[in-house]
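Hi,

Here's the structure I promised to send over. Have a look, and my notes on the charged pairs follow below.

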Amino acid sequence: MLWRILTGFVLLSAIIKAEIDSNESKTIGVALVGAPVNGNKTIQALDLVLSFVNNIILSEGWKMEVRLLPSENDNYLLQDVTGSGLYRIATNMDNLNIQAIVGPGSSTSSKLMHPYAVKKDVPHVLPFATDPALRQTKRFPLMVRLSPPDTYQTQAVLDILQFYGWECLSIITTDNDYGFGVEDALMTLAMNRRIKLEVVTRLKTERSYFVEEITQVLNQLRDLKAHPIAVATNEDSGAYLLQEAFQRGLVVSKNWVWILLDGLIAPDVLKVEYTTSNGDLQKTNFDGLIGTRPAASGGNLLRDLKSFWDDRNIGPNSDFQNELGLGLEKYIDGMLSVAHGVEGYRSKHQGLPAKEFDGLQLRNAILRANASGLTSPLLFDPDGKINSTNYDILLSKSGKWTEMGDWKSVTKLNMSSLLFLNFSKSLRASRMNTPRPRQANGEESSDVPIVHVVTILEPPFVMLGSQNTSYKGEILSNRVYTDSVPLGDRKPGMDVELSGYCVDMLQKISENAGLRYTLRLVEDSKYGGYDSDSGLWNGIIGDVKRGKSHAAVAPITVTAERAAVVDFSTAFVDIGLKYIINASAIANLTSHVKAEPSAFGFLLPFQNSLYLAIAICVLCLASFLNLLSRLSPYGARGHFYLGPRADKFRRKTSSYSNLSASEWNVKSNRKDEVKKLREEKENADTRMGMSNVLFFVWASLFWQTPETVPRAPSARILTAVWYLSAVVFVASYTANMVAFVASNQMDITAWDSVSDLVSQTKIDYGTVSDSSVEFIFKSSGVKVATSIYNYLQSDPDRFMVSSTDKGMERVGNGSYAFFWDSLVLDLEASKSNCQLRTVNVGFGGVAYAAAFTKNSPLKPVFSRNILRLKESGYMTVLWERYFSELGECIRQTTANDANYKRLQFEELAGVFYFVALAMGTGFVLLLMEWVLAGIQDVNSRDVSAPKSLREAIRIRLNRVQQDISQNWFPRKQPKIPSKFLDESILSFRRNTNHFSEMQANDINDSVGQVTDGHSTQRISSIRFKIPGEAEDQPPS
């Protein structure tokens, strides 16, 4: 008994141990070293990620377990740079099931931890390590880096400096590998780009040391002029540095710019607390800081975590990403990388337990992963570096980080909003000097500065006054007037009320980018051209080039000559080139042309080639339908000649030919059956004969349906397509015919191209002097454009005008044609009740864009916001608001031009292709009909019926051959002598005088047909008794 108990206990222990070993063999242990897990919120988010990994990523039966190291009480071990603290953490992992290590955070700690990962043979995933030295795979063979090297982020920092035109920089880092790497990269790039380094210092990581060091650095900076400072420290020392800088007044409103690297992008860094002179504790936010951090991917998992956050009411009124923090997101990306790598490794090593995983092979499997992460896509280079090198450029505002642009290794810096400063006049000339608006007491406002914008009157883009009072508040909300502008920057015209397409667009961009602007009209009312006499640019291009204005927002045409002296934004309107002319001027030059009356005017809608194609199509279609009727077992003719009815007809008529006259009375009941068969045969011959089917196709073309229609499914499919084609033909003909009739009632001029204008000499033509249109004529290689330019230069005072208003005035007065942008001219034509006519030039497409001084930081801001306005549909709203009057003259002109275009075969060729396809489909259906009819003919119980499908089809093919030989191409029969026929008829009547009158007439009709020589079929059913002929002799 005792022996049995011991045996059972041993077996139970073995089963339990085997179950435990089985579970452990499919458990992936991941050690998170130094992960910022604080409180229930992050613990719950981490549990959600584990659930996602175990249920979605890993295969069934496999799971991941996370070990948080060190414990909360041992966090001080991470600060020990000697390595002893990390050694204690590593020894705690000896007895744990660990297949991967994620962390610690810094490059120095990661270097110290990696030897233990090599000893344990597990991959080492680094969330934040950015030291470029880590790319040495021989020294760090098991590393996987989730953050790109510092060299990329420092390039983004230097690009920000050059974007604003800053020429000096101070650098504050920490006294560790991370600080050394950032400092070295920044100093190298700064020297290459000729940026002066003011202060370069490294802070100790211990608080007892860096407090005093920060005080010394800030005192040193305060003695210098305001300039940018790049900070790459840990969160503790960085937060203290910004607190002290804020209290000393080193803030953005006084031109101190702080650029923080990704280690300081946290909400707590923006919170400032200080004690006033009265002893009161003040809390505020440090706004105006610029930050850089790796771009977040915003994948599905991030949305799941947000949904988890909202569904469980975790942290009400808080933002998920801010609460979770970039630190934990990077560790989660490490967990996801390990999970995808395990799945890829396990699929190639089926049955291998987790404890026996090879560390190097698992690391390579992680590098092959291609999945979404929280902060970036999980794509890696062969050296273990994350493939994503994109950064978000952030701006602190109201205690939060907001996006102001981005940086990519390919496209570099792209800014959507600006940080405005009061730059001193000693800075580069290309830098934008944007003064801040003044308050009522004359002091500078803390609001954003002013951007000076110049424009030009060009309705409806820019118009005097407020054309619609409902838009006034919207248009002027960010505009600054003369009273708010410093005396030195005031210019005439800043208080002129303006509205229009460009003004609305400028207002919307100012709201999105966070800027204010002044707006005035250019003094000389010109767009801008180069004056060879003075060597200067005039107009709004000259204003921008000389720095009198920061930007020009107007319908400015982009040309290569202008782009050499100013920068242009993304185009907000793309248009063509036209000229406008008064209809009365053409009337005075040439007589109006009317279409000459013609008896064949009804043929004008189509060209002859199209009529010929339709006629050929009708003939081909009729022939094909007739063929289907003959060959289809279900066709009007084929159902009789190819079926059993044809055989029955032959037997019946053959048997009746052997009857004597006395037997006709006995067999009179069969005579009706023969007559019925003859009627069916006649109907099959005539119902869809060539004449009937040709009439059917022709009638269908005009939407008429005759009494006889196709019977076979294959023919009906083709008929349906032909009905549809007929609708297209008739509708196209009708529409073009109506257009021709209407055009005959209108005055039609022959002026429809620029060549018509150039070829005459009685109407002058020209454009605005020093405009983009003149430049197009000058620089275009088109022959007619060169001709126009030479014509204009022959007498500029006569042909050129000073503005579009002057040009339109001359057009309205009489014989003058004005070249300008199509959008403006079409609008003027609409306002004139179409008395003015616009004609396309055919070359010189132009684009409208805003202009800026060279290397201005405003250019990318405007370009990016213009694209956003297009994507959001706001540009469409502006178009409908200001160009709703366009349409009638444009549509009428387009319609008139189309009136003279006769439809060609090529324009309706698709209809014929469709009919041809339908004919091919009909042939395929014909084959299917034969198979179906053959199946229906097979009958094993009927002795006379075929016994197989093959036999049934063979019988039908024989019937087709017989039908073709006897009926499709009938041979001419020899004519019977009339004397012989007369004697035969008299003899027949004597022997059959008991027949009814109807029967005799029927026989006479049959004989009559024979004498006419039109039929040989019916005479074969009559046997004549020829005198002197033997009784058994067959008829001759």
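First, a quick one: is K578 buried or exposed? K578 is buried, with a relative accessible area of 11%. Keep in mind that this is a predicted model.

K578 has a partner, too: D826 forms a salt bridge with it, and the closest N and O atoms are 3.0 Å apart. D826 sits in helix α29 (residues 822–831) and K578 in strand β25 (residues 577–582), so this pair ties together parts that are 248 residues apart in sequence. D826 is buried as well, at a relative accessible area of 8%.

Next up is K854 with D567, a salt bridge whose closest N and O atoms are 3.2 Å apart. Here K854 is in the loop between β29 (846–852) and α30 (858–872), while D567 belongs to strand β23 (residues 567–568), so the pair links parts 287 residues apart in sequence. The two ends differ in burial: K854 is partly exposed, with a relative accessible area of 34%, whereas D567 is buried at 11%.

Then there's R956 and D937, whose side chains meet in a salt bridge at 2.6 Å, N to O. R956 comes from helix α34 (residues 949–968) and D937 from helix α33 (residues 909–937), so this contact ties together parts 19 residues apart in sequence. Both residues, R956 and D937, are buried.

Elsewhere, K63, E65 and R67 are linked in a network of salt bridges. The count for the model comes to 22 salt bridges.

Shout if you'd like to go through any of these together.

Cheers

Conventions
Residues are numbered from 1 along each chain as its sequence is written. This is a predicted model: local features need pLDDT of at least 70, side-chain atom pairs count only at pLDDT 80 or more; totals for chains, interfaces and linings use all residues. Side-chain values use heavy atoms; hydrogens and water are left out. A salt bridge is a side-chain nitrogen of Lys or Arg within 4 Å of a carboxyl oxygen of Asp or Glu. Helices (H or I, at least four residues) and strands (E, at least two) are DSSP runs, numbered from the N terminus. Buried means under 20% relative accessible area, exposed over 50%, partly exposed in between (1.4 Å probe, protein chains only).
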